[in-house]
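Visitor: I would like to test some labels against their values. Can you take me through the reasoning?

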Amino acid sequence: MRPSGLVDRIRWYYEGSSDEAQRFRYVLLGVDVATILFIVVSSFLPRTIFVEIADEIIGLFVLADFAARLLISRERLATLLRPTSIADIVVILSFLAPVVGEGLGFLRVVRTLRLLRAYRTIARLRRDFPFFRRHEDVIIAAIHLFVFIFVMTGLVYETQHYSNPTIGNYADALYFTVTTLTTTGFGDITLPGTTGRLLSVTIMIFGVTLFLRLAQVLFRPNKIHYECSKCGLMRHEPDAIHCKHCGALLHIHREGEG
């Protein structure tokens with residue numbers, strides 16, 4: 001039964017366990033995924049009236065979602081000060097700002113902060129789908145790398161395309177970012193000056209680390225996340241019965257078991 005008050009009804013949709021509430025959250029999830037895809041794709045598109053209209057629509061949606069979550073929060077100040085909330089505020093401003101052409105193009109970089117919602121999306125999918133629980137480490141590592149690549153691509157583009165003739169569009173910036181973080185470095189695109197060199201060093205150090213982390217989780221055996229009640233060890237073999245660290249009996253629920 002739906003609550004009658006406005007706040008209670010919104011909380012029921014966002015936190016309730018009914019089928020209708022779950023369908024509502026999956027609609028939000030679908031819009032979140034579509035928003036992330038739009039941010040990535042629109043980075044490669046010229047500013048047109050259609051893109052700007054889409055910006056406004058997405059900005060209004062993000063604003064409504066943010067306002068609803070803040071309204072139902074029992075600790076609104078703490079919610080407002082969370083890093084993801086601050087990122088959402090900045091993203092809302094970037095989408096709703098009256099940007100025409102490339103005059104405030106740096107806002108394209110700012111709105112890549114919306115990619116942080118991918119982590120919240122994965123948390124929701126992990127809870128509801130066995131596939132995401134089985135491959136959690138790989139998915140999280142891939143998202144780390146994905147977010148890093150597109151944030152750095154935005155920074156490279158917005159800091160270089162006015163003064164660097166080799167960075168003419170987002171594809172050039174993405175090409176430079178990927179070749180740099182993989183240490184391929186063909187040399188056809190370089191970032192001159194102190195700022196460019198520091199940006200290149202940042203991409204290499206953090207990018208290589210994230211890339212190696214993804215390779216590591218791809219090729220090592222899958223582990224199950226389950227906290228041992230005795231020693232706190234979190235990762236165990238899929239068929240583990242006892243904790244390999246302390247020997248305590250594990251009660252791991254496996255898919256397909258009753």
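Visitor: Why is V62 called buried?

Guide: The model is predicted, and every label here rests on computed values. V62 has a relative accessible area of 1%. Buried means under 20%. The value of 1% falls under that cut-off, so V62 is buried.

Visitor: Where does V62 sit?

Guide: V62 belongs to helix α3, residues 49-72. I89 is 27 residues away from V62 in sequence. In space, the two C-alpha atoms are 8.9 Å apart.

Visitor: What makes α2 oblique to α3?

Guide: The axes of helix α2 (residues 19-42) and α3 cross at roughly 140 degrees, coming within 12 Å. Angles over 145 count as roughly antiparallel, and 65 to 115 as roughly perpendicular. The angle of roughly 140 degrees fits neither range, so α2 is oblique to α3. The crossing of α2 past α3 is left-handed.

Visitor: Which residues make that contact of α2 with α3?

Guide: From α2 come L28, V31, D32, T35 and F38. From α3 come V51, A54, D55, I58, F61, D65 and R69.

Visitor: How do these residues of α2 and α3 divide into nonpolar, polar and charged?

Guide: Seven are nonpolar, one is polar and four are charged. Asp and Arg count as charged. D32 of α2 is one of the charged residues, and D55, D65 and R69 of α3 are charged too.

Visitor: How do you know that T179 is buried?

Guide: Its relative accessible area is 10%. The cut-off for buried is under 20%. The value of 10% meets it, so T179 counts as buried.

Visitor: Which residues are in contact with T179, leaving aside its neighbours within four places in sequence?

Guide: They are T184, G185 and F186. T179 itself is placed in helix α10, residues 170-181. I189 lies 10 residues from T179 in sequence, with 9.6 Å between their C-alpha atoms.

Visitor: How do α10 and α11 cross?

Guide: The axes of α10 and helix α11 (residues 193-219) come within 8 Å. They cross at roughly 65 degrees. The crossing of α10 past α11 is right-handed. F176, T177, T180 and L181 of α10 make the contact with S200, I203, M204, G207, V208 and F211 of α11.

Visitor: How many residues of the contact of α10 with α11 are polar?

Guide: Four are polar, six are nonpolar and none is charged. Gly counts among the polar residues. G207 of α11 is therefore one of the polar residues.

Visitor: What is the secondary structure of the protein chain?

Guide: The protein chain has 11 helices and two strands. Along the sequence, the pattern reads α-α-α-α-α-α-α-α-α-α-α-β-β.

Visitor: What share of the protein chain counts as buried?

Guide: The share is 38% of the 258 residues. The accessible surface comes to about 14,800 Å², and 67% of that belongs to carbon and sulfur atoms. Among contacts with a separation of 6 or more, 53% join residues 24 or more positions apart.

Notes
Residues are numbered from 1 along each chain as its sequence is written. This is a predicted model: local features need pLDDT of at least 70, side-chain atom pairs count only at pLDDT 80 or more; totals for chains, interfaces and linings use all residues. Side-chain values use heavy atoms; hydrogens and water are left out. Helices (H or I, at least four residues) and strands (E, at least two) are DSSP runs, numbered from the N terminus. Buried means under 20% relative accessible area, exposed over 50%, partly exposed in between (1.4 Å probe, protein chains only). Contact means heavy atoms within 4.5 Å. Accessible areas come from the Shrake-Rupley method with a 1.4 Å probe; for residues, only the protein chains shown count as cover. Axes are lines fitted to C-alpha atoms, for helices over the stretch in contact, and angles run from 0 to 180 degrees between N-to-C directions. Angles under 35 degrees count as roughly parallel, over 145 as roughly antiparallel, 65 to 115 as roughly perpendicular and the rest as oblique. A crossing is left-handed if the near helix is turned anticlockwise from the far one by less than a right angle, and right-handed if clockwise.
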